[in-house]
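Ready for a few exercises? Try each one with the model open, then check your steps against the worked solution.

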Amino acid sequence: WGVRALTNVLFAQMGWDINTDVDAFLNEYFDRYYGEYGSKMRTAYELIEKAFLQIASWRCWASRSVLDHLSQWDGATPKEPLNVDQHLVDPDGAISNGRESLVMLKNAMALVDDSLSKCRDAADRAFQFSASAAVNPAEAEAKALLQDSKIEKRLAQDRRGLLYGIDTTELMTNVVVYHNALYKGDNTEA
């Protein structure tokens with residue numbers, strides 16, 4: 001969840017050439033895919049990667065993943081604590097992990113939002129500047145927006161994927177909070 005383009009293109013590259021210099025590949029990817037926003041987006045990707053280090057413990061549907069156990073819960077007051085794997089340790093560990101992940105994902109979203117806003121501002125300025133030199137509005141738009149619109153679309157796509165990741169992580173974490181509170185008899189928290 002979050003951004004997927006890099007995962008897909010890196011997977012394809014490694015299938016093509018297992019000896020790919022990954023650092024050089026990543027540098028080229030961020031420079032070419034995001035232009036001047038590459039550095040900021042690289043930081044956003046690093047935050048997303050760190051936030052989802054334990055995602056398999058949450059949602060891989062293995063016999064000990066959080067979603068596997070929650071899918072078997074009938075919504076009644078649990079008689080036992082939520083069973084989680086060794087990576088999350090216990091329900092409190094899962095809640096802590098979920099909340100920490102949300103902070104990182106929201107920080108990544110702030111970087112994406114800032115890049116997207118600056119990209120849109122730059123496109124607006126470029127359009128206004130080139131409109132006076134263009135022969136017609138279509139030419140002005142083509143000159144000013146061609147590259148920025150590609151990057152803007154990429155940033156907007158990343159934003160949508162990241163928003164889904166944030167919403168899903170928040171939902172999963174809150175369901176674990178609810179389950180845990182019911183188990184502990186903490187009606188206020190529930």
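**Exercise 1: the second largest pocket**

How do the residues of the lining of the second largest pocket divide into nonpolar, polar and charged?

*Solution.* Sort the lining by class, and you get 5 nonpolar, 5 polar and 3 charged residues. (Ala, Val, Leu, Ile, Met, Phe, Trp, Tyr, Cys and Pro count as nonpolar, Asp, Glu, Lys and Arg as charged, and the others, Gly included, as polar.) Before going on, note that this is a predicted model, where local features need pLDDT of at least 70 and side-chain atom pairs pLDDT 80 or more, while totals for chains, interfaces and linings use all residues. Numbering runs from 1 along each chain as its sequence is written, and side-chain values use heavy atoms, without hydrogens or water.

Next, the volume: the second largest pocket holds about 270 Å³. Of its 13 lining residues, His69, Trp73, Pro78, Glu80 and His179 sit closest to the centre. (On a 1 Å grid over the protein atoms alone, a pocket is an open set of points with protein on both sides within 12 Å along at least five of seven lines; a cavity is a set where a 1.4 Å probe fits but cannot get out; lining residues have an atom within 4 Å of a point. Points join across faces, edges and corners, and the volume is what probe spheres set on them fill.)

**Exercise 2: the largest pocket**

Which helix supplies the largest share of the lining of the largest pocket?

*Solution.* Start with the space itself, about 420 Å³. Now list who contributes: H1 (5–16), H2 (22–34), H3 and H4 (55–59) each give at least two lining residues. (Helices are DSSP runs of H or I, at least four residues, numbered from the N terminus.) The largest share, 5 residues, belongs to H3.

Then zoom in on the centre: the lining has 16 residues, and Val3, Leu6, Thr7, Tyr45 and Glu49 are the ones nearest the middle. By class, the lining splits into 10 nonpolar, 1 polar and 5 charged residues.

**Exercise 3: two sides of H3**

Which residues of H3 are buried, and which are exposed?

*Solution.* First check the helix: H3 covers residues 38–51, 14 residues in all, and spans 20 Å from its first C-alpha to its last, close to the 20 Å expected. (The expected span is 1.5 Å times one less than the number of residues.) Next, pick out the buried set: Gly38, Met41, Ala44, Tyr45, Ile48 and Ala51. They cover an arc of only 140° around the axis, so they share one side of H3. (The arc is that of the directions from the helix axis to the C-beta atoms.) Flip to the other side and you find Ser39, Glu49 and Lys50 exposed. (Buried is under 20% relative accessible area, exposed over 50%, partly exposed in between, with a 1.4 Å probe and protein chains only.)

One more H3 residue is worth a click: Leu47. Leaving out residues up to four places away in sequence, Leu47 touches Met104, Asn107, Ala108 and Leu111. (Contact is heavy atoms within 4.5 Å.) Leu47 and Val103 are 56 residues apart along the chain, yet their C-alpha atoms are separated by 9.4 Å.

**Exercise 4: the same job for H2**

Which residues are buried in H2?

*Solution.* H2 has 13 residues and reaches 18 Å from first C-alpha to last, close to the expected 18 Å. The buried residues of H2 are Phe25, Leu26, Tyr29, Phe30, Tyr33 and Tyr34. Their arc is only 125° around the axis, which puts them on the same side of H2. Asp23, Asp31 and Arg32 are exposed on the other side.

**Exercise 5: the cavity**

Which residues line the largest cavity?

*Solution.* A search of the whole structure turns up 1 cavity of 30 Å³ or more, and the largest cavity has a volume of about 40 Å³. Its lining is Ala51, Phe52, Ile55, Trp58, Asn97, Gly98, Ser101, Thr169 and Met172. H4, H6 and H7 are the elements giving two or more of them, and H6 gives the most, with 3. By class, the cavity lining has 5 nonpolar, 4 polar and no charged residues.

**Exercise 6: two single residues**

Is Asn180 buried or exposed, and what about Val89?

*Solution.* Find Asn180 in H7 (residues 137–184). Its relative accessibility is 8%, so Asn180 counts as buried. Beyond four places in sequence, Asn180 touches Pro91, Asp92 and Ile95. Asn180 also lies 8.3 Å from Pro78, C-alpha to C-alpha, with their positions 102 residues apart in sequence.

Now Val89, in the loop between H5 (66–71) and H6 (91–131). Val89 is exposed, with a relative accessible area of 61%. Check its backbone too: phi is positive, about 75°, although Val89 is not a glycine.
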